[in-house]
Amino acid sequence: MAETKATRKAERNLKKARIEKPVVTRKGIPSDQQQPTKRKPAISFSPKDKGKRKVTHEGAVGTPELSSKSELPSSFVVVAGSYEKLLYGLDGTVASSESGYEFHLKPAFIFPAHVSSIKAVAASPNGGKWLATGSSDEIVKVWDLARRKEIGGLMHHQGSITDLQFPSRSHLLSASEDGTLCLFHARDWTVLRSLKGHKGRVNSVAIHPSGKIALSVGHDKTLRMWDLMRGKGSASTKLGKEGEVVRWSLSGSMFIVQSLSSLDVFSTNMALRHSITHPSRIQSLRFCKRVNGDGELLLVAAEDKKISIYQVSEDSQSTPTIIAEMVGHSNRVKAVETLHIALPKTATNRADARATTTIVCTISSDGKIFVYDLAALPAETEEKLQLHPVAEYDTKGTRLTCLTLAEGRSAGGSTVVNGKRKEREEVVGNEEEAEWEPRFEVDASVEAEGSEDGDEEP
């Protein structure tokens, strides 16, 4: 009897997210009327697990790396959320031509993914198949990009989802207005840790390139550092203002906190390096590597309808400066993302032929999705250049809110995992699976304004 009571007490203490499974409708679109189902947590997060976790060349826990340029994805998937609850998926491809390279965007799916506006979206890296979306309905939904079906909903948070990040292919980190961050295991979507420390809304989360630590900023005007290996906070500092976005550099030697139109550059010991005032209010930012030349760039999306490109130096005495800008949008730019991809071989040996490039994808309040080729930026520039989009898709006025880029197939038509090519699973018709049905005509019932849900566009 004593053993039975002890067992029941241990089961109650286990942290577990409620997983909400989708219900298939006649049209094949996941229904929002879902019932929570119980699942047994199979993973516990403890220090002794550290020795079993795989650490790659880049240091990310359990993250397989791309071992050569030929294994980079040759295609990509653009996923964007909106205030109108719609989730847009676009298949991106690149083809060689006599004049250079042609980029194409083709709609893959459009459907209402949540019962309220979509606030955050993230795709698992390095060929991972998971897609996560967060909404004002307080649910994190998980999708299988390979099979294009809904896996279920994680209902652990008690506030709107504000940010989603994948530290690796096997873990998901979420942030919410309830002041907490949750670390999920992607194998069975068990909650490994619920990180508490912020007093109020968490606005943004950033994962270090090693995958071992994370930063977060929130409404309480503090910056917090989290040890993801141990599942607890490791440091914090008061910013004196509300941080809206935080991002690590690719080298992991610095990070940036954005608030309104200001950018504060910090070193890893949280010492302030530079304070920059951007010409316009900032909406999003992202670090990326140069295609031509060496060093890192900082892409800043703002309300001035363009993306400013800052040259960033590892020298702490060198202040980031604007060297170019991406233009084309007619309204504020809401988000920017980047992805390194492989390019197809050319029929002729042209001087501009190259093996890889970095694409930059943006969304705007004008309802358009743009793709830029960062190879258009030369290694050295004397004047501020303007880069124009190489591909675009018009959602016809949808108020886009969030964006992510997922890897498509590799140059050989397969997915690369741990340096090995693995063919994607074929989609088998099954009435019990909630398939995403491509929809390019939206019903009037899902075109309701976001304000009807109590959400207002900032």
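**Sheets and cores, in questions**

Me: Does C402 count as buried or exposed?
Reply: The cut-offs on relative accessible area are under 20% for buried and over 50% for exposed, with partly exposed in between (1.4 Å probe, protein chains only). C402 has 6% relative accessibility, so it counts as buried.

Me: What kind of model is this?
Reply: Residues are numbered from 1 along each chain as its sequence is written, and side-chain values use heavy atoms, with hydrogens and water left out. Local features need pLDDT of at least 70, side-chain atom pairs count only at pLDDT 80 or more, and totals for chains, interfaces and linings use all residues, as this is a predicted model.

Me: How many disulfides does the structure hold?
Reply: A disulfide would be a pair of cysteine sulfur atoms within 2.5 Å. C182 is a buried cysteine, at a relative accessible area of 0%. As for disulfides, the structure's count is zero.

Me: How many strands does the protein chain have?
Reply: Helices (H or I, at least four residues) and strands (E, at least two) are DSSP runs, numbered from the N terminus. By that rule the protein chain has one helix, and its strands come to 33.

Me: Which strands stand at the edges of the five-strand open sheet?
Reply: Strands of a sheet pair through backbone hydrogen bonds, either parallel or antiparallel, and here two strands pair if DSSP finds at least two bridges between them. This sheet runs β22-β23-β24-β25-β29 with mixed pairing. Two of its strands each have a single partner, so one side of each is left without a neighbour in the sheet: β22 (282-289) and β29 (385-387).

Me: Which residue is the bridge partner of E296 in β24?
Reply: β23 (residues 296-302) and β24 (residues 307-312) pair over six bridges, in the antiparallel sense. On the β24 side, E296 is matched with V312.

Me: What is the average twist in the sheet of four strands?
Reply: That open sheet goes β10-β11-β12-β13, with antiparallel pairing. Its edges are β10 (161-168) and β13 (191-196). Axes are lines fitted to C-alpha atoms (for helices over the stretch in contact), and angles run from 0 to 180 degrees between N-to-C directions. From one strand to the next, the twist averages 20°.

Me: Which residue of β11 is the bridge partner of D163?
Reply: Strands β10 and β11 (residues 171-176) run antiparallel and are joined by five bridges. Opposite D163 in β11 sits A175.

Me: How many residues are in the largest nonpolar core?
Reply: A nonpolar core is a set of buried Ala, Val, Leu, Ile, Met, Phe, Trp, Tyr and Cys residues joined through side-chain atoms within 4.5 Å. In the largest one, F76, V78, L105, I359 and I369 touch the most other members, and its residues number 25. A second, separate core, with L297, I309, M326 and L387 among its members, has a residue count of 17, while the largest core's count is 25.

Me: What share of the residues in the protein chain is buried?
Reply: One buried residue is D144, at 3% relative accessibility, and D144 is found in strand β8 (residues 140-144). Across the 458 residues of the protein chain, the buried share is 55%.
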